[in-house]
Amino acid sequence: MSFIQDIQQYEFLQKALFTSVIVGIICGVLGSFIILRGMSLMGDAISHAVLPGVALSYMMGINYFYGAVTFGLMTAFGIGFITQNSRVKNDTSIGIVFSAFFAIGIILIGKANTSTDLTSILFGNVLSVRDSDMWMTLAVGVVVLIAVGLFYKELLVSTFDPTLAAAYGLPNKLIHYFLMVLLTLVTVASLQTVGIILVVAMLITPAATAYLLTNRLSIMITISAILGALSAVIGLYISFVYNWPSGAAIVLVTTSFFIVAFLFSPKHGIVWRQLRARKHKTALQ
């Protein structure tokens, strides 16, 4: 009850709550496509590879959004270029590019004078979110949701049947890079909330939880967005009350939801599968 009163009283908590919910929603929506297309490693790569962009932005005195987006897009297109122009497979290209960029970021952090701020970007600190961060997150959220809504059918077909999508004349490669741009934007928008290291968990875990609960993409996206937002709210509460890092608290909450679904999902949960197997075995005896 005191948490609700504090939210009503303190502006920084209001901004933190608003930003966290937006991040939870957009991560849930985009994460559904990411896991269905087998692009989880790409999400991990981009989330780590934006680090040098963040560090350079701090050193140049500009908003980290610009540097992070630049390096995120460089990562996405660099991985695609190596994969398409060599014998190296996609997962190998991901490892090469993101580890190189992450190493550059570590070096640049050592050169930067704002190590405390950069640490919050690494691990997340939504309680220190600024007005510019909040509005940037909202803008990214609006862009991502509108983009997914406008191109939902194209994303649906290319995700489940790329061959059929090509037969319909859909540009699968262009759709892939379109998702990479959205993924970069969502990653950057999530930095202040959960940090570079944990952002991939917000992209993957709510969507994976929803995947265990339904077989329809539209319902999966809705459940994933709700779980992402709910995890953000509960995680923020835990972070504020117990003085935990916000990113870690939010990720632990969303992981808890996944564990519950993993065990008790009506169709795919371990517990119900075992009960059905025992019932079937008993019926045969």
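Four exercises with worked solutions follow.

This is a predicted model, in which local features need pLDDT of at least 70, side-chain atom pairs count only at pLDDT 80 or more, and totals for chains, interfaces and linings use all residues. Residues are numbered from 1 along each chain as its sequence is written, and side-chain values use heavy atoms, with hydrogens and water left out.

**Exercise 1. Salt bridges**

Find the salt bridges in the whole structure and describe their partners.

Solution. Start with the criterion: a side-chain nitrogen of Lys or Arg within 4 Å of a carboxyl oxygen of Asp or Glu. The search returns 2 salt bridges. One joins Lys 15 to Asp 131, N to O, at 3.2 Å. This pair links distant parts of the chain, 116 residues apart: Lys 15 is in helix H2 (residues 11–36) and Asp 131 in helix H8 (residues 131–150). Helices here are DSSP runs (H or I, at least four residues), numbered from the N terminus. Next, check accessibility. Buried means under 20% relative accessible area, exposed over 50%, partly exposed in between (1.4 Å probe, protein chains only). Lys 15 is buried at 14%; Asp 131 is partly exposed at 39%. The side chains of Asp 133 and Arg 130 also form a salt bridge, at 3.2 Å, N to O. Asp 133 is buried at 1%, while Arg 130 is partly exposed at 41%.

**Exercise 2. Surroundings of Thr 75**

Place Thr 75 in its helix and list what surrounds this residue.

Solution. Locate the residue: Thr 75 belongs to helix H5 (residues 64–84). Its relative accessibility is 0%, so Thr 75 counts as buried. Follow the side chain of Thr 75 to the backbone oxygen of Phe 71, at 2.7 Å. Then set aside neighbours within four places in sequence. Thr 75 contacts (heavy atoms within 4.5 Å) Ala 45, Ile 46, Ala 49, Val 97 and Phe 101.

**Exercise 3. Two sides of H6**

Test the length of helix H6, then sort its residues by burial.

Solution. The expected span is 1.5 Å times one less than the number of residues. For the 22 residues of H6 (residues 90–111) this gives 32 Å, and the end C-alpha atoms are 32 Å apart, which agrees. Buried in H6 are Ser 93, Ile 94, Val 97, Phe 101, Gly 105, Leu 108 and Ile 109. They cover an arc of only 120° around the axis, so they lie on the same side of H6. The arc uses directions from the helix axis to the C-beta atoms. Ile 107 and Gly 110 are exposed on the other side of H6.

**Exercise 4. Phi of Asn 243**

Describe the backbone and setting of Asn 243.

Solution. Most residues other than glycine have a negative phi. Asn 243 has a positive phi, near 60°. Its place is the loop between helix H12 (217–242) and helix H13 (246–264). Asn 243 is exposed, at 69% relative accessible area.

How values were computed. Helices (H or I, at least four residues) and strands (E, at least two) are DSSP runs, numbered from the N terminus. A polar contact is a pair of N or O atoms within 3.5 Å; within protein, one must be able to donate a hydrogen and the other to accept it, and residues adjacent in sequence count only if both atoms are side-chain atoms.
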